[in-house]
Amino acid sequence: MTNKKNSKFGIILVIVVLALLAVHVFVPPFVEQSMNRVHPSEPIAISDTVQDFHNSLTIMDWHSDTTLWSRDLLERSDFGHVDIPRMIEGNMAVQMFTVVTKVPKGLNYESNSAESTDQITQLAMVQAWPLATWSSLLERALYQASRITEAATGSAEFHLIETRGDLEQLLRWRSEGIAVVGGLIGTEGGHPVEGSTLNVEKLYDAGFRMISLHHFFDNRLGGSLHGLSGEGLSDFGVAMVQEIEQHQMILDVSHSSPAVVEQVLELTTRPIVVSHTGIYGHCPRKRNISDELMLEIAARGGIIAIGFWEEAVCGRTVDDIASAIHYAVDLLGADHVALGSDFDGAVTTPMDVSQMAQLTDAMFRAGLTRREIAQVMGENSIQFLLNYLPD
């Protein structure tokens with residue numbers, strides 16, 4: 001009788017293990033394929049002249065949430081937006097990888113509560129992230145960062161950029177015709193510090209070089225553009241901004257309330273970044289802050305990186321992105337406009353990273369000059385990093 005019970009228990013255990021394995025293997029790709037899409041479109045013919053010019057560019061993008069998903073960064077995928085082989089195909093030189101640690105249920109651009117059920121907890125469980133990540137936002141950030149550092153350790157083509165010297169070395173290799181790409185690590189919101197400025201140093205030591213203050217909800221630092229309060233920085237938020245500057249980390253105000261942005265501009269001595277956005281005057285949506293605030297950010301030497309999804313640019317095509325970029329260049333000057341795709345950020349875009357030449361072509365057709373295109377596609381961003389990354 002005991003043997004029969006043991007045998008039955010063993011069968012049940014095997015079934016449970018196989019079911020959990022199936023969930024881990026099949027559910028994450030299914031979820032991602034439903035969220036990180038590319039709009040179907042007719043193939044775009046790129047002329048040899050445009051393609052040659054595109055291949056000569058040094059391209060950088062300020063925002064990709066790729067580490068949220070279970071795909072291997074070093075393997076080419078046929079879904080999602082970014083991986084290292086596709087970065088090389090699209091001539092993307094540098095990608096800022098931004099870690100997502102909390103997303104409220106019922107996510108929207110108008111109003112979200114920080115108390116809503118967090119959807120990243122479920123994703124962490126399904127993807128079999130380490131147990132500590134199931135309850136700690138800091139651990140989620142550190143785990144996603146470790147995926148970047150491990151990929152860089154295991155690849156001759158992909159290199160982690162933490163210092164000015166790292167970036168200079170990458171640029172030298174690329175000037176010699178070596179097919180290499182670089183990655184930086186940033187956050188999607190400041191909540192992973194979990195209420196302690198001491199955790200800024202933990203993030204810095206883990207390779208983080210950019211911290212944004214907010215995502216879709218108010219947090220201990222202050223008000224989100226999509227939260228409930230509309231408030232500025234809290235006392236803790238002020239301390240956080242000072243700690244970020246002290247560590248020579250780049251400060252990103254994407255998703256922050258206008259009141260927060262104004263205070264950050266008053267508090268900081270270094271230029272700031274809006275890592276993925278549209279311009280309100282071009283696309284009057286809640287997601288985009290005012291032209292006036294964008295002008296203030298630019299006047300302080302900041303970077304405004306234009307997104308690739310519909311809510312940022314009020315359109316679904318590559319021409320709509322080019323139109324938003326053209327507006328931003330006219331408003332702010334080409335020196336301050338860059339790329340902030342939001343690739344792999346649960347958005348649908350008209351292209352993935354391997355198809356970046358389509359954007360170069362669209363900017364030509366929109367009337368931007370070769371010089372302006374080169375600046376927007378990456379020259380501005382690379383110079384910003386050379387100026388403000390730590391030694």
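A nonpolar core is a set of buried Ala, Val, Leu, Ile, Met, Phe, Trp, Tyr and Cys residues joined through side-chain atoms within 4.5 Å. In this predicted model, the largest such core holds 79 residues. Within the core, Ile297, Ile325, Met356 and Leu359 touch the most other members. Helix H12, residues 318–332, is the main contributor to this core, giving eight residues, the most of any element. Ile297 makes contact with Val253, Val261, Leu265, Ile272, Val274, Ile289, Gly302 and Ile304, with neighbours within four places in sequence left aside. A separate core of 21 residues lies apart from the largest one. Trp62, Ile161, Val273 and Ile382 are among its members.

The overall fold was examined next. The chain has 14 helices and eleven strands. Its radius of gyration is 21 Å, close to the 21 Å given by the globule rule for 391 residues, so the chain is as compact as a globular protein of that length. The C-alpha trace spans about 80 × 50 × 40 Å along its principal axes. Of the 391 residues, 54% count as buried. Contacts between residues at least 6 apart in sequence were also sorted by separation. Of these, 72% join residues at least 24 apart.

Open space at the surface was considered in terms of pockets. The largest pocket contains about 530 Å³ of space. Its lining comprises 27 residues. Met35, Val103, Leu107, Gly345 and Ala346 lie nearest the centre of this pocket. Two elements, helix H1 (2–35) and helix H4 (119–126), give two or more residues each to the lining. H4 gives the most, with five residues. By class, the lining of the largest pocket divides into 16 nonpolar, seven polar and four charged residues.

The second largest pocket has about 210 Å³ of space. It is lined by 15 residues. Closest to the centre of this pocket are Lys102, Leu137, His191, Asn219 and Arg220. Its lining has six nonpolar, four polar and five charged residues.

Enclosed space was treated separately. Two cavities of 30 Å³ or more were counted. The largest has about 50 Å³ of space. Its lining consists of Ile244, Glu245, Met249, Ile250, Leu251, Thr268, Arg270, Pro271, Ile272, Phe384 and Tyr388. Helix H8 (235–246), strand E7 (250–252) and helix H14 (370–388) each supply at least two of these residues. Eight of the lining residues are nonpolar, one is polar and two are charged. Ile272 lines this cavity and is also a contact of Ile297.

The second largest cavity has a volume of about 40 Å³. Leu225, Val253, Ser254, His255, Ser256, Val274, Thr277, Arg287 and Ile289 line this cavity. The lining has four nonpolar, four polar and one charged residues. Val253, Val274 and Ile289 are among these lining residues. Ile297 contacts Val253, Val274 and Ile289 as well.

Several loop positions were examined individually. Leu74 sits in the loop between strand E2 (59–64) and helix H3 (84–89). Its relative accessibility is 28%, so Leu74 counts as partly exposed. Residues up to four places away in sequence aside, Leu74 touches Ile84, Pro85, Ala151, Gly154, Ser155 and Phe158. Leu74 and Arg86 are twelve residues apart in sequence, and their C-alpha atoms are 9.5 Å apart in space.

Two residues that are not glycine have positive phi values. Ala128 has a phi of about 60°. This residue lies in the loop between H4 and helix H5 (137–153). With 48% relative accessibility, Ala128 counts as partly exposed, because the class covers values between 20% and 50%. Gln248 has a positive phi of about 55°. Its place is the loop between H8 and E7. At 38% relative accessibility, Gln248 is likewise partly exposed. Both elements flanking this loop, H8 and E7, supply at least two residues each to the lining of the largest cavity.

Terms used:
Residues are numbered from 1 along each chain as its sequence is written. This is a predicted model: local features need pLDDT of at least 70, side-chain atom pairs count only at pLDDT 80 or more; totals for chains, interfaces and linings use all residues. Side-chain values use heavy atoms; hydrogens and water are left out. On a 1 Å grid over the protein atoms alone, a cavity is a set of points where a 1.4 Å probe fits but cannot get out, and a pocket is an open set with protein on both sides within 12 Å along at least five of seven lines; lining residues have an atom within 4 Å of a point. Grid points are joined across faces, edges and corners, and a volume is the space filled by probe spheres set on the points. Helices (H or I, at least four residues) and strands (E, at least two) are DSSP runs, numbered from the N terminus. Ala, Val, Leu, Ile, Met, Phe, Trp, Tyr, Cys and Pro count as nonpolar, Asp, Glu, Lys and Arg as charged, and the others, Gly among them, as polar. Buried means under 20% relative accessible area, exposed over 50%, partly exposed in between (1.4 Å probe, protein chains only). Contact means heavy atoms within 4.5 Å. The radius of gyration is taken over C-alpha atoms; the globule rule is 2.2 Å times the number of residues to the power 0.38.
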